[in-house]
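Biologist: I would be grateful for a close look at one part of this protein, namely its charged side chains and the contacts they make. Please take the residues in turn and explain how each is placed.

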Amino acid sequence: MAWTNACGIDDVDAEDVIRFDAGDRTFIIVRDHEDNYFCADGICTHEEVHLADGLVVEATIECPKHSSIFDCATGEVETPPACENLCTYPVKVEDGRVYVDI
């Protein structure tokens, strides 16, 4: 596994999201209402919109453009118009930092 230091745990508020770029790829780091952290591709699968501008409710994120909703843990589409799931990545928290396996 290639763990990458994505951010500090306090960089993401509860039920919020931040953008994380690595190389030429964009990801999101999401913190849910229970302080779980998730990482997924940062671009909506419906249109090329940054999900970091979206709304997090519990453990879902809503695309800011057409309101598709994705499950942050699985990447599954919960509400169309998106019909392709997001890719998700393993996350671990150590010493106040969020690491992702991308």
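Biologist: To begin with, is R31 buried or exposed at its relative accessibility?

Modeller: The model is a predicted one, and the description that follows should be read as such. R31 counts as buried, because its relative accessibility is 14% and the cut-off for that class is under 20%. This arginine forms a salt bridge with D35, in which the closest N and O atoms are 2.8 Å apart. Its partner, D35, has a relative accessible area of 43% and is therefore partly exposed. The bridge thus joins a buried arginine to a partly exposed aspartate.

The structure holds 5 salt bridges, and the pair R31 and D35 is one of them. Another is formed by R25 and D41, whose closest N and O atoms are 3.7 Å apart. R25 lies in strand β3 and D41 in strand β4, which spans residues 37-41, so this pair ties together parts that are 16 residues apart in sequence. R25 counts as partly exposed, since its relative accessibility is 36%.

A further salt bridge links E47 with K65, and here the closest N and O atoms are 3.1 Å apart. E47 is in the loop between β4 and β5 (55-57), while K65 is in the loop between β6 (60-62) and β7 (69-71); the pair therefore ties together parts that are 18 residues apart in sequence. E47 has a relative accessible area of 32%, which makes it partly exposed. K65 is likewise assigned to the partly exposed class, at 47% relative accessibility.

Strand β3 also offers a polar contact that may interest you. This strand covers residues 25-31 and includes T26. The side chain of T26 is joined to that of D21 by a polar contact of 2.8 Å. T26 itself is buried, because its relative accessible area is 16%.

Finally, there is a group of acidic residues to consider. D10, D11, D13 and D16 gather on the surface in a patch of negative charge. Of this group, D16 can be placed in strand β2, which runs over residues 16-22. D16 counts as partly exposed because its relative accessibility is 31%. That value satisfies the requirement for a patch residue, since members must have over 30% relative accessible area and no salt bridge. The charged side chains described here thus include both partners in salt bridges, such as E47 and K65, and members of the negative surface patch, such as D16.

Note on methods
Residues are numbered from 1 along each chain as its sequence is written. This is a predicted model: local features need pLDDT of at least 70, side-chain atom pairs count only at pLDDT 80 or more; totals for chains, interfaces and linings use all residues. Side-chain values use heavy atoms; hydrogens and water are left out. Patches are made of residues with over 30% relative accessible area and no salt bridge: like charges are joined within 9 Å, nonpolar side chains (Val, Leu, Ile, Met, Phe, Trp, Tyr) within 5 Å. Accessible areas come from the Shrake-Rupley method with a 1.4 Å probe; for residues, only the protein chains shown count as cover. A salt bridge is a side-chain nitrogen of Lys or Arg within 4 Å of a carboxyl oxygen of Asp or Glu. Lys and Arg count as positive and Asp and Glu as negative; His and the chain ends are not counted. The place of a charge is taken as NZ of Lys, CZ of Arg, CG of Asp or CD of Glu. Helices (H or I, at least four residues) and strands (E, at least two) are DSSP runs, numbered from the N terminus. Buried means under 20% relative accessible area, exposed over 50%, partly exposed in between (1.4 Å probe, protein chains only). A polar contact is a pair of N or O atoms within 3.5 Å; within protein, one must be able to donate a hydrogen and the other to accept it, and residues adjacent in sequence count only if both atoms are side-chain atoms.
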